[in-house]
Structures are given as structure tokens and as C-alpha cells.
Amino acid sequence: MTLTAQPEAVTRGSGELAVDLDGVVKRFGAVTAVDGISLRIRPGEVVALLGPNGAGKTSTIDMLLGLSDPSAGTARVYGRPPQEAVALGLVSAVMQTGGLLKDYTVEETVRLTAVLFGRGRADVARALERAGIADIGSRLVGKCSGGQQQRLRFAMALLPDPELLILDEPTTGMDVGGRHDFWSSIREDARGGRTVIFATHYLEEADAYADRVVFVRRGRVVADGTAAQVKALASGRTVRATLPGASESALLALPGVESVELRGDTVYVHARDTDGVARHLLTETAARDLEITSRNLEQAFLTLTADDDNQEMAR
Amino acid sequence: MSAQSMPAARNLPRFGGFSLGMIGLELRRMVRNRRTVVFTLVMPAVFFLLFGTNASARTERVGGGNVTGYILISMAVYGAMLATTSGGAMVSIERAAGWSRQLRLTPLRPAAYVAVKLILAMIIGAVSVVVAFAVGAFGGAELPAQAWVACGLLAWVCALVFAAFGLFMGYLLPSENVMQILGPVLAVLSFAGGLFVPVDSMGDTFATIAKFTPVYGVGEIARYPLTHHGNLWAAALNVIVWTALFSAGAMWRFRRDTARV
């Protein structure tokens, strides 16, 4: 099962693409972590990279950051090889864990990053401020909580004022309050027009913060679109209407209909193209009291990954 | 300030990111680490006071100075060795913490990173020698005036061998506690290389083996301005060969570490 949507966002715009992955493959020995991903992301998009563990999200991010080279295909960030884009500060990242030294203070860590990027003290203060850790600048990193360390990584990522910010499971290990605060900072920041790509397994995060959701499974993009489009693609939507004497077979014959259920005078039509079904019901039949409901992203995710599991089991 | 309002002016830093600012911050962090300070500054001085300042050492003469002075030079070499090794071995801690990976998300070139580590190693090496000599000056060590300068400089410069050694081990052993392994290793090498016990007092076999161990050359060269004794060429060859070997090892591991797989 491969589902693809073609949101307007991926059609070639006039401007330069923030990310251009073209048939990227990543193999580790006999294991293919990324199996031909093509992805175009325009400047200003906020994209969620969603998928089960081992789907190839982190491998894809590593290639975008120049930490590893694709086995085949090409990766470009703002038209440049990723390593060059990183060195120029066009792209930066908040990685999942590690990457901090315990015996630096918060401020020193950011200052070192500034020194490396050839930036001044004003940029350090700004990054600390934006990440919400200006008040703990003199604290040793080893004495910071997990959430504070994550904010420090965020401050380091903000320092070069990147065009593209990549977040790899940025809120892992944070409590609910910490996650909310962290996302508020990111959201605040993205308002300035920064492109953001984040990998997450918190579906509500993808739903709430992304303009576009890219589902990755077994190294491939299986769905790509707005959260609403992906939800519809993955699980379809359901049209419920009151229609006495409905014909099950007639409804099943409509394009895109997957299942029909009759409960008394009420019909439930589960379909990919629920708009078409609704149009038919309202214009061609006596249906009334019509309602279209969509499954949430969680259910869409489960549908997609359950399919994955079934295939694994069938082997 | 927004990401889109300042599009131009993105430049790569000069010298691959090598800068005095980075060295300054790294020094500050190093001084904060109490274990490093004790290891490299306090311990050699304490060893000197323990083993080098008894009455017979103070009175017995060697070259233009006394045995206390001779032992002081050995301890200064030992301190410089510990300091440069732990300086080089910092990379191991930084790799274990994922810091090296984080640095790859900056313009810092791997070669510039290694250069910073080597300079840091040599800076603490210099401090270690100065501290040891200061303690020695008040602890009864007697050396001819030029020997104070010459021995100190040679002990420091030759400790470059161990900066390379530390780097090599730092890349080889991905451990938080790399110095807990390297500390004893250095002590054994110091005995084997005639730093703690003069080579002349060893049996023939051990004396011959000693000449091929990495500490031997450094000790011989550093003490030469005092003793004017021993084969300087053999010692220099020893230092050069070991520096080359450790540097080659460090380069080999370094290439592996920074390869994009």
C-alpha cells in the first residue's frame, strides 16, 4: 500500500527549495534504512516527519545534516551540499540526546557555538533569550534538567540564525508542561519564516504544529500532505446520514467507497472521497442530517503502521 | 530579526574555525575539572617532594646540580607527560558525550579541532612544568642557571610525544574515564623508560628494552643540559619515532572517526 498526496507545497515554486531530496537511498551493509526518498520542502514550511522506530527518519535527517552520505541519490539544502549548508549556518539541528559537555556552563556552551560561527555576544544573548534559558546562563550543563538541556540545544541551533531548523524527536523525555513550553518557543520562532522539519512520534505534536506531515515507513514516504489530507488518505473519512431505505449495493458502487454500514435509517459510508459521497447523497437521494467525520492522526498512524506489522508478520 | 530578513552575509570562519576564543573557553573548562588539575599539577610536585628531597639527594652532586634537581627534571617530564596525555585524551570524553558529533554541526573543521586539542595539551604541559620547577626551586633543587631554562623547555617540547599519544588513545578508547586507564599506563612507561629509576641501575636486558620505550627519549633529552651524559642522537630518534607512530595512529583513528558512513 502506497499512498501519496500531491499537496501544492511540493510543486516546484519559483524560489529556491529549502530541502531537495532526490531518490535518496541509505544502506548499512545489508540493511536498507532509507529506500528511495524524494522530498521537496519549500522555505517557510513546517514539516513533521512521522513514522515508527526504524522507519528511516533519523537516517534521513543525518543525510540532510551532512553527517552521513547517501548511498544513492542526492541531498541538497538551499541548493548546496548539506555539509556546506551546515558550515554556513543555513541549517542547524536539535538532536535527540547527547551533544553537551557537563562541565561547561549554559552560557559558555552557547558562546563556544558563537565563536565557531564567528558570531558575537549579542547573538549569544539573543539565542539564550529565545530559548528561554537566559536566567540559567551561569549554571553548569551537568546540573540542568533534561528540559533545560533540550532548550540549550535549541539555543545552540538558533545561534547561526538558520534558514532551516531540524528537530529530531525534540521533546523526548520532557513532561507535558515542558513539551508545551518548548513547542511554544518553536512556534514563536517559526513565525519569523524559518523552515522547520521535525521528527516525532508524538502524533498530537505533528497534528498541532506541522503544516505538512510526511509519513515514513520502512525507508519510504507512504503519505505526504497536510495533517487533514494524511488523515483522510490513511484511514478515509466517514459520512453519516439519515436515509430511510438506503441501498447498500448502490452506495458501495460509488467511487472511493470502502465500506457501508446500515443501522436502521442511518447509513455510515466509509470512503476516501467523502466529498463525492456527500454530494451524491445530498443531490441524488433524500439523505438529510449529513455529517462527515475524520479519524484523528493517531488512528491514521496506527492504520499505516499496522499495515507495516502485518507485512512483517506475513513474511 | 527573522530568518528571512537577513539572507546574505554567511561566511565560513577563518582557519577552519580554529580561534583563540575557543582555546580560552576550553582552558576555562579544563581548569574547572579538579581531577585534571590534581593529576597534572599537584601529583608530580608531590612525588618530587616525597622522593627527591631527602638529605642524601640534596647533598649528592650530578653535573652542575644536585640529585634533587635531577629528580625534579624527571618529575617535570612526568607532569608534562600526564598533562599532555590528558589534554589529548579529552577527545575521548567528548566523543563519549556526543560533543564531537555536535561540533560537526558547526563550521569547525576536524583538523582545526585537533589543532586546538594539541595546543591545549601543550598549554597545560607548560603550566605543569612551571609549577613543578617552582616547587623544586623552594624544595632544595639545585641546577645551573641555563639548565633551569633548557631542561624546562626540553621537557615541555618533548612532551609533544604524549600529546600525540593522548590523542591516539582518545580516539581509540571511547571512555569517560580514559585517564584512569592511561594514568597507570604512564606510570609503567615511566618506570620502563628510566624516568623513576635511572636506566644505569637496571639490569642489561631492561636497560636495553628501556631505550625503545617512549618515555626514555624525553627523559634523556630533558636531563641532558644537567648531566651532559648519554646518547643524545638515540634519544632524539626515540622521540621522533614515537611521535611519528602516535601521530600516525591518531590520524588513522581520526579519519575513521570523521568519515561519513
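**Two chains, their contact, and two helix pairs**

Chain A has 11 helices and 13 strands, and before I go further I should say that what we are looking at is a predicted model. Of the 315 residues in chain A, 46% count as buried. If we take the contacts in chain A with a sequence separation of 6 or more, 68% of them are accounted for by residues 24 or more positions apart.

Let me turn to chain B, whose secondary structure comes to 12 helices and two strands. Following the sequence, the pattern reads α-α-α-β-β-α-α-α-α-α-α-α-α-α, with three helices ahead of the two strands. Of the 261 residues in chain B, 46% count as buried, and among its contacts between residues at least 6 apart in sequence, 79% join residues that are at least 24 apart.

What about the overall dimensions of chain B? Its C-alpha atoms fill a box of roughly 75 × 35 × 30 Å along the principal axes. The radius of gyration is 20 Å, which agrees with the value near 18 Å that a compact globule of 261 residues would have.

Now to the place where the chains touch. Here 30 residues of chain A are in contact with 29 residues of chain B. On the chain A side, helix H2 (82-87), strand E5 (91-94) and helix H3 (106-117) each supply at least two residues, and H3(A) gives the largest share, namely seven residues. Sorted by class, the residues on this side of chain A divide into 14 nonpolar, nine polar and seven charged.

I would like to spend the rest of the time on helix packing, and a general remark is useful here: two packed helices are described by the angle between their axes and by the distance between those axes.

In chain A, the pair I have chosen is helix H4, residues 121-131, and helix H5, residues 146-158, whose axes come within 8 Å and cross at roughly 135°. How should we class that arrangement? Angles over 145 degrees would count as roughly antiparallel and 65 to 115 as roughly perpendicular, and H4(A) and H5(A) are therefore oblique to each other. The crossing of H4(A) past H5(A) is right-handed. As for the residues involved, A:Ala127, A:Leu128, A:Arg130 and A:Ala131 on H4(A) meet A:Arg151, A:Phe154, A:Ala155 and A:Leu158 on H5(A). By class, this contact has six nonpolar residues, two charged ones and no polar ones.

In chain B, the pair is helix H6, residues 110-138, and helix H8, residues 160-172, with axes that come within 10 Å and cross at roughly 130°. H6(B) and H8(B) are therefore oblique to each other, and H6(B) passes H8(B) in a right-handed crossing. From H6(B), the residues B:Val114, B:Lys117, B:Leu118, B:Ala121 and B:Met122 meet B:Leu160, B:Ala163, B:Gly166 and B:Leu167 from H8(B). The class count for this contact is seven nonpolar, one polar and one charged.

One last residue deserves a look, B:Ala259, which sits in the segment after helix H12 (232-258) of chain B. Is B:Ala259 buried or exposed? With 9 other C-beta atoms within 10 Å, B:Ala259 is exposed, since the cut-off for that class is 12 or fewer. B:Ala259 and B:Pro110 are 149 residues apart in sequence, while their C-alpha atoms are 10 Å apart in space.

Notes:
Residues are numbered from 1 along each chain as its sequence is written. Chains are lettered from A and ligands numbered from 1 in the order in which they are written. This is a predicted model: local features need pLDDT of at least 70, side-chain atom pairs count only at pLDDT 80 or more; totals for chains, interfaces and linings use all residues. Axes are lines fitted to C-alpha atoms, for helices over the stretch in contact, and angles run from 0 to 180 degrees between N-to-C directions. Helices (H or I, at least four residues) and strands (E, at least two) are DSSP runs, numbered from the N terminus. Angles under 35 degrees count as roughly parallel, over 145 as roughly antiparallel, 65 to 115 as roughly perpendicular and the rest as oblique. A crossing is left-handed if the near helix is turned anticlockwise from the far one by less than a right angle, and right-handed if clockwise. Two residues are in contact if their C-beta atoms, placed from the backbone, lie within 7 Å. Ala, Val, Leu, Ile, Met, Phe, Trp, Tyr, Cys and Pro count as nonpolar, Asp, Glu, Lys and Arg as charged, and the others, Gly among them, as polar. The radius of gyration is taken over C-alpha atoms; the globule rule is 2.2 Å times the number of residues to the power 0.38. A residue is buried if 20 or more other C-beta atoms lie within 10 Å of its own, exposed if 12 or fewer, and partly exposed in between; C-beta atoms are placed from the backbone.
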